[in-house]
Amino acid sequence: MKKIAMMVGLAAALGFSNAEAVDLTWKGDLRYRYQSDLRHTDGATGEHSRDRHRSRVRLGVYPWINEELSGGVQLSTGSLTETTSRNETIDDQFLADPVYLNEYYIDYHPMAYGMNGAANIILGKRAVASDLVVVNDLVWDSDLTFEGLTLQYGKESDGKEKDGLTAVVGYFPLNERSSRTAVAEKDAYILAGQAAYKGEISEVNYLLGAGYYNYANFDVVNTTTYSPAYDYSKKDFNIAELFGTVGGQITEKLPWKITGQYARNMAKKADASGIDDTKRDSYLAEIKIGDAKQVGQWSVNADYIRIERDALTILTDSDRNAGAATNLHGYKIGGVFHLVQNLTVGANYFNFKTIDVANITNHLLMADVVVKF
């Protein structure tokens, strides 16, 4: 009883005496994955795959405080050295798995000045697909959670795009230089801007948009953990993106969607060994049938991706081509089946080559069981 009284007193002292007025939404997901990686070299013998069992756990609470204020806090498995993954590989003789703060944010959506909640001012750390308009994983890995300041117009408080115009501006710090040894050393950050429009014509839904992402002082970021063979210290990235989706219904319960992304690094050469003008482009095309939202439903998808060496950064999807971020091309096919309520099973197969090494192919198979609640 003493402990309960102390907790109630502490809550009152911190200003939570009216906590009963807050609407709390809990969300989480559990994923168990079998993953098999195989690198095939033409003419080679005795090749063996790397087989892993991996897990991902995420649990968050999202308070709706009033019509102008909401927020979120999410815990997740992951690593302090992997920006683009929340996976935990099962390889440590049953040690307890680490859990980190994956999201924390304040979302202020003012009703005054004629805004009526159409704009969001977001402070903190949040999933990239909630901060920005993200149609697929060409530019941003789906596990990324951006930190910083985001201004949105035309997005719901849960991050989904409304019909009509959507506009986003974001400032996301990457690295803060606490001790500068030279005048030229500055903090690293991303400035992001996007505009998109969502509508419908003759029962066909569409979303068309463009974005621009300026990586300021990216050369000071320690990226050797993610791509030791790629020297980012002499690179500059100002990435322009065009993206869009079109979709509709084959039957009442069977939707279809086509997604396209094109991104080009618009930065100038940093020096003689910097950006290569002939290796700046990337694109992704996907066709998807089904959505597997209800029990007994399924979905299948097929993607083709090409990312030239200087087109994107390490923040792109981390699964392709044995974890290499860029300088790759290939395809991905996958499917999901909704087995029982809140539980899906699925698999994805990746087949990718390094652009300038034609005789090596990286094969990757992922089989997932996912529970959402």
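This report walks through the overall make-up of the chain, its salt bridges and one exposed loop residue.

Keep in mind that this is a predicted model. The protein chain carries two helices and 17 strands. Of its 373 residues, 41% are buried. If you look at contacts between residues at least 6 apart in sequence, 58% of them join residues at least 24 apart. On the outside, the chain exposes about 20100 Å², and carbon and sulfur atoms supply 59% of that area.

Now for the charged pairs. Side chains of opposite charge can pair when their charged atoms come close. The structure holds twelve salt bridges, and the table lists three, including two that involve Arg58.

| Salt bridge | N to O distance |
|---|---|
| Asp29 with Arg58 | 3.0 Å |
| Arg58 with Asp143 | 3.9 Å |
| Arg320 with Asp137 | 3.1 Å |

Start with the salt bridge between Asp29 and Arg58, whose closest N and O atoms are 3.0 Å apart. Asp29 sits in strand E1 (residues 23–41) and Arg58 in strand E2 (residues 50–66), so this pair ties together parts that are 29 residues apart in sequence. Both partners, Asp29 and Arg58, are buried.

Arg58 also bridges to Asp143, with 3.9 Å between the closest N and O atoms. Here Arg58 lies in strand E2 while Asp143 is in the loop between helix H2 (128–131) and strand E7 (145–153), so the pair ties together parts that are 85 residues apart in sequence. Asp143 is buried, and so is Arg58. Put these residues together with Arg56 and you get a network: Asp29, Arg56, Arg58 and Asp143 are linked by salt bridges.

The third table entry is the Arg320 and Asp137 pair, at 3.1 Å from N to O. It links distant parts of the chain, 183 residues apart: Arg320 is in the loop between strand E14 (298–307) and strand E15 (328–340), and Asp137 is in the loop between H2 and E7. Arg320 counts as buried because its relative accessibility is 2%, and Asp137 counts as buried because its value is 13%; the cut-off for buried is under 20%.

Finally, a look at Asp91, found in the loop between strand E4 (88–89) and strand E5 (99–108). Asp91 has 59% relative accessibility, so it counts as exposed, the cut-off being over 50%. The C-alpha atoms of Asp91 and His53 are separated by 8.3 Å, with the two residues 38 apart along the chain.

Notes. Residues numbered from 1 in each chain as written. Predicted model: local features only at pLDDT ≥ 70, side-chain atom pairs only at ≥ 80, totals over all residues. Heavy atoms only, no water. Helix = DSSP H or I, 4+ residues; strand = E, 2+ residues; numbered from the N terminus. Buried < 20%, exposed > 50% of the residue type's maximum accessible area, 1.4 Å probe, protein only. Contact = heavy atoms within 4.5 Å. Areas by Shrake-Rupley, 256 points an atom, 1.4 Å probe, with all protein chains shown as cover. Salt bridge = Lys/Arg side-chain N within 4 Å of Asp/Glu carboxyl O.
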